[in-house]
Amino acid sequence: MKKAFLSLLLTCGTPAAFAQTSAAETEAVKKTITTFFDGMRRADSTLIRSTLAPGVILHSISSKSSSPRVEVENVNGFLKAVGTPHKEVYDERISFERVLIDANLASVWTPYQFYVGSKFSHCGYNSFQLVKLAGSWKIVHIIDTRRKENCQ
């Protein structure tokens, strides 16, 4: 009877232990992304860089013309633009809609609204890909949409 109870306890306890690990990993992934945007608000390119994996790729889907285009943003150019002192705060307000994790890979979907100071600029969605390197989640790819209409 004791063996059956112990077996049942171990079997039922395993999903709970996994769920706790997943919640901790989800929070760690969110922390990396939150730190990225904290760096933007502070104009701190060093803080932003600390969240990025080597070889990170930044893309935006442009809808300026009638047919969408994928634009590549130079990482160093982005860091320089954000880190150069500017009068207004760059404030990207996100919410975490979806966080998916498998082993050392995370995929995150975040709707956002972007403000320059208190003035609304644009909105869209970010898709982040993160990799766990040396025990820490790093952003390896960001792709986003940008628009001024149909914003929440």
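This briefing walks through the model's build, its confidence and a few chosen residues.

The structure is a predicted model, in which local features need pLDDT of at least 70, side-chain atom pairs count only at pLDDT 80 or more, and totals for chains, interfaces and linings use all residues. Residues are numbered from 1 along each chain as its sequence is written, and side-chain values use heavy atoms, with hydrogens and water left out. The protein chain holds 3 helices and 7 strands. Helices (H or I, at least four residues) and strands (E, at least two) are DSSP runs, numbered from the N terminus.

**Overall build**

- Reading from the N terminus, the elements of the protein chain come in the order α-α-β-β-α-β-β-β-β-β.
- The protein chain has 152 residues, and 32% of them are buried. Buried means under 20% relative accessible area, exposed means over 50%, and partly exposed lies in between (1.4 Å probe, protein chains only).
- About 9,600 Å² of the protein chain's surface is accessible, and carbon and sulfur atoms account for 59% of that surface. These areas come from the Shrake-Rupley method with a 1.4 Å probe; for residues, only the protein chains shown count as cover.
- Take the contacts in the protein chain between residues at least 6 apart in sequence: 51% of them join residues at least 24 apart. A contact means heavy atoms within 4.5 Å.

**Confidence**

- The protein chain has a mean pLDDT of 88, and 86% of its residues reach 70 or more. This score is the predictor's confidence in each residue, from 0 to 100.
- Residues 4–20 have a pLDDT below 50, and this stretch makes 0 contacts in the model beyond near neighbours in sequence.

**The β1–β2 hairpin**

- Strand β1 spans residues 52–62 and strand β2 spans residues 69–73; the two pair in the antiparallel sense over 5 bridges. Strands count as paired if DSSP finds at least two bridges between them.
- Together β1 and β2 form a hairpin, with 6 residues between them.
- One bridge partner is known by name: L58 is matched with E73 in β2.
- P54 also sits in strand β1. P54 is exposed because its relative accessible area is 72%.
- P54 and K138 lie 84 residues apart in sequence, yet their C-alpha atoms are 8.8 Å apart in space.

**Helix α3**

- Helix α3 covers residues 75–83, and V75, F78, L79 and V82 in this helix are buried.
- These residues lie on the same side of α3 because they cover an arc of only 95° around the axis. The arc is that of the directions from the helix axis to the C-beta atoms.
- At the start of α3, N74 places a side-chain oxygen within 2.9 Å of the backbone nitrogen of N76.

**D144 and its neighbours**

- D144 belongs to strand β7, residues 136–145. D144 counts as buried because its relative accessible area is 9%.
- The side chain of D144 makes a polar contact of 3.0 Å with that of S60. Another polar contact of 3.0 Å links the side chains of D144 and R146.
- A polar contact is a pair of N or O atoms within 3.5 Å; within protein, one must be able to donate a hydrogen and the other to accept it, and residues adjacent in sequence count only if both atoms are side-chain atoms.
- Leaving out residues up to four places away in sequence, D144 touches H59, S60, I61, Y112, Y125 and N126.

**T110 in strand β5**

- T110 is part of strand β5, residues 105–116. T110 is buried because its relative accessibility is 0%.
- Leaving out residues up to four places away in sequence, T110 touches I94, S95, F96, G124, Y125, N126 and F128.

**Two loop residues with positive phi**

- A43 is not a glycine, yet its phi is positive, at about 55°. A43 lies in the loop between α1 (2–42) and α2 (45–49).
- A43 is partly exposed because its relative accessibility is 25%.
- A134 is not a glycine either, and its phi is positive at about 50°. A134 lies in the loop between β6 (119–133) and β7.
- A134 is exposed because its relative accessible area is 88%.

**A28 in helix α1**

- A28 is in helix α1. A28 counts as partly exposed because its relative accessible area is 30%.
- A28 and S136 are 108 residues apart along the chain, with 8.1 Å separating their C-alpha atoms.
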